Structure formats: structure tokens, C-alpha cells
Amino acid sequence: MTQKPLQLGFIGLGIMGTPMCLNLIRGGHQLFVHTRGKVPAALADTSATQCLSARGVAERADIIFTMLPDTPDVEQVLFGDDGLALGLSPGKLVIDMSSIAPLPTQDFARRIDKLGCQYLDAPVSGGEVGAQKGTLSIMVGGPEAAFARARPLFELLGQNITLVGPNGAGQTTKVANQIVVALNIEAVAEALLFASRAGADPAKVRQALMGGFAASRILEVHGERMIRRSFEPGFRIALHQKDLGLALDSARALGLALPATAQAQQLFSACVAQGGAAWDHSGLVKALERLSNFEVGQKPG
């Protein structure tokens with residue numbers, strides 16, 4: 001059954017937000033959008049209506065998505081001057097798909113609830129490619145009724161869609177996801193660096209590993225990036241570094257030790273020190289290469 005067109009808002013039209021917005025438009029919905037700077041060219045010729053503020057989006061849309069870089073950005077868009085909360089009326093739904101801290105997320109949800117509205121935290125995994133193809137994994141925290149209301153829209157954006165628990169649970173899951181991804185990137189980087197320095201062809205090593213127990217999406221996509229030296233961002237190191245900061249801050253509060261996560265964070269920091277904040281996170285391999293004075297794909301001397 002075709003879903004009835006909805007009045008939707010979308011705030012934050014970056015690498016992820018723009019293709020997600022396009023997928024909602026392709027789903028037949030009317031979009032009201034707001035972003036810092038100009039609306040991307042990909043959206044300029046669509047039916048999307050640009051609003052001058054987050055408040056303007058909330059006044060026009062019944063369900064509003066946000067996709068922003070960090071916790072302070074979300075708070076500002078929600079509750080700052082001309083913020084989204086000022087334009088909300090009872091019954092509306094706010095869905096934050098940013099990757100931010102779990103505890104502030106719970107506070108944001110309580111404040112939106114007091115306005116007679118609903119709130120979902122629904123961070124995603126899958127990168128720019130997943131956003132473009134509508135194949136994102138979506139990790140949701142919030143009430144079941146709000147999740148049921150949003151699910152048809154999530155299905156336009158992703159495939160693996162899970163209600164994990166109450167508000168904040170989606171963000172906790174995303175932090176866990178980013179730990180797994182970072183450590184896998186480091187493992188793939190170390191393996192390909194080792195193989196290359198030992199004289200093996202890293203492309204053929206990757207191909208062989210893809211048929212065994214070491215196979216992973218990280219080996220498939222980011223292993224190829226490391227071999228091809230292609231570090232234009234699907235997901236920037238600076239953003240992954242932010243996510244690991246959330247993991248380590250939360251671990252400290254919980255009394256946990258996450259030594260491998262801390263090590264991956266230091267490697268990201270080394271990349272940033274080399275001017276690599278905007279590299280794709282597969283660029284972590286460059287920090288290991290500098291430590292070893294050897295590059296994946298280089299011929300051993």
C-alpha cells in the first residue's frame with residue numbers, strides 16, 4: 001500500500017543528510033529543509049522548500065528529521081534562537097539521526113515530550129553510500145508508538161531498522177557501532193600493511209581474505225580504499241574521532257576500560273596532526289604507515 005504523502009522537515013544537508021532527504025522526496029513526501037549555507041545543488045531543483053530557520057521547518061512539518069555533526073549542534077537547532085522547539089505544536093515528531101551523546105539525548109527527549117511532541121534518536125551506519133542507496137542501518141531509541149509512526153519513513157532510508165530501547169538507546173548503540181568499526185579499520189590497516197611489507201600483493205591478500213573468516217564490510221570497502229589510496233571522505237576522521245570521544249567519556253563515567261578504543265583514537269589523532277581531519281576514516285592506515293615508514297602497496301626495498 002502506498003503511503004500517504006507527509007509534510008516532512010529535514011535540518012542538516014551534509015554528506016549524509018542530502019541523499020537521505022532525496023530518498024524521502026522520492027518516496028513522495030513534501031520536504032521543508034534548512035541548513036547552514038546554501039542548499040546543495042542536488043536539492044535545488046527538487047520540490048523541497050527552503051526555510052530560513054529550524055523554527056520555520058517545525059512550523060510547516062509534522063515530522064522533522066535532524067542530521068547534524070555533534071551534540072552542541074543538535075541542542076542549538078532544537079532549543080536555540082529560532083530553534084525547532086519554538087515552532088513545534090502538540091502531536092509532532094522529532095527524529096534526530098545525528099550521532100551524539102546518549103545522556104544529553106535523554107534530556108532533549110524529555111524537553112520535547114513536555115511540548116506534547118514525541119522524540120526518537122535514530123543514528124545510522126552505512127556511510128555516504130548507504131545514505132545514497134537507502135540501505136542504512138538505523139538504531140532507534142524511543143517510544144514504540146513513535147517508532148511505528150516513523151517506520152515507513154525509515155524504510156525509505158535504510159534496511160536494518162531496529163528499535164533498541166527507550167530514548168538514548170539508539171545513541172548508545174551507535175557508539176558501540178563506532179567502536180567496532182574503528183577497531184576493524186585498524187585491524188584491516190595492520191593486516192594490509194603487514195602483508196605489503198612482507199612482499200605480498202595487498203590487493204590479492206584482500207581478495208583471499210574476503211573468502212574466509214576475516215571477511216568483513218570494512219575489509220571489502222575500506223581495504224580497497226587503502227590499496228587504491230582513495231581517502232576522499234565517505235565518513236570523515238574528525239567525525240569518527242568525535243564518536244570515539246563519546247565512547248571513552250561514557251566508559252570513564254561507567255568505570256570501564258576500553259584500551260583498544262583508546263588506541264584507535266590516538267591513531268585518528270595522529271592523522272589529524274598530519275592534516276587529515278577531513279580524510280575518510282580508512283585513512284587511519286596513514287598513521288600506521290608513518291610509524292612503520294612504509295606504505296601499503298609500496299615495494300619492499
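# Notebook: strands, rings and a core

I started with a crossover: β5, helix α5 (residues 102–113) and β6 make up a β-α-β unit, and its hand is right-handed. Everything I note here comes from a predicted model, so I am reading computed geometry off it.

**The β5/β6 pairing.** I looked up how the two strands of that unit sit together. β5 pairs with strand β6 (residues 118–121) in the parallel sense, and the pairing runs over four bridges. For a register point I took V94, which stands opposite Y119 in β6.

**The β8/β9 pairing.** Next I went to strand β8 (residues 136–141) and strand β9 (residues 158–165), which pair in the parallel sense over six bridges. My register point here is M139, with T162 of β9 opposite. Which helix does the chain pass through on its way from β8 to β9? I traced it through helix α7 (residues 144–157), and this β-α-β crossover is right-handed.

**I138.** I stayed in strand β8 for this one, since I138 has its place there. Is I138 buried or exposed? Its relative accessibility is 1%, and the cut-off for buried is under 20%, so I138 counts as buried. I also checked a distance: I138 and L157 are 19 residues apart along the chain, and their C-alpha atoms are separated by 8.5 Å.

**Aromatic pairs.** I then turned to the rings. How many aromatic pairs are there? The count comes to three. I wrote up two of them, F10 with F65 and F147 with F154.

For F10 and F65 the ring centres are 5.8 Å apart and the planes are at 15°. Planes under 30 degrees apart count as stacked, so this pair is stacked. I looked up where the partners sit: F10 is in strand β1 (residues 7–11) and F65 is in strand β4 (residues 63–66), 55 residues apart, so the pair links distant parts of the chain. F10 is buried, with a relative accessible area of 0%. F65 also counts as buried, at 0% relative accessibility.

The F147 and F154 rings have their centres 6.3 Å apart, with planes at 40°. Why is this pair tilted? The angle is 40°, and stacked needs under 30 degrees while edge-to-face needs over 60, so tilted is what remains. Both F147 and F154 are buried.

**Charges over rings.** I looked for arginines above ring faces and noted two. R111 lies over the face of F79, 3.7 Å from the ring centre. R197 lies over the face of F294, at 5.3 Å from the ring centre.

**H29.** I found H29 in the loop between α1 (17–26) and β2 (30–34). Loop or not, H29 counts as buried, at 3% relative accessibility. What lies 2.9 Å from a polar atom of the H29 side chain? I got the backbone nitrogen of L6.

**The nonpolar core.** Last, I pulled up the largest nonpolar core, which has 34 residues. Those with the most contacts inside it are F10, F65, I95, M97, I138 and F154. Which elements give two or more residues to this core? My list reads β1, α1, β2, β4, β5 (93–96), β8 and α7. The largest share comes from α7, with six residues.

Some names came back from earlier entries. F10 and F65, the stacked pair, are both among the core residues with the most contacts. I138, which I had down as buried, is on that list too.

Methods. Residues are numbered from 1 along each chain as its sequence is written. This is a predicted model: local features need pLDDT of at least 70, side-chain atom pairs count only at pLDDT 80 or more; totals for chains, interfaces and linings use all residues. Side-chain values use heavy atoms; hydrogens and water are left out. Rings of Phe, Tyr and Trp (its six-membered ring) pair if their centres lie within 6.5 Å; planes under 30 degrees apart count as stacked, over 60 as edge-to-face and the rest as tilted. Buried means under 20% relative accessible area, exposed over 50%, partly exposed in between (1.4 Å probe, protein chains only). A charge sits over a ring if NZ of Lys or CZ of Arg is within 6 Å of the ring centre and within 35 degrees of the ring normal. Two strands pair if DSSP finds at least two bridges between them. A crossover is right-handed if, with the strands pointing away from the viewer, the path from the first strand over the helix to the second runs clockwise. A polar contact is a pair of N or O atoms within 3.5 Å; within protein, one must be able to donate a hydrogen and the other to accept it, and residues adjacent in sequence count only if both atoms are side-chain atoms. A nonpolar core is a set of buried Ala, Val, Leu, Ile, Met, Phe, Trp, Tyr and Cys residues joined through side-chain atoms within 4.5 Å.
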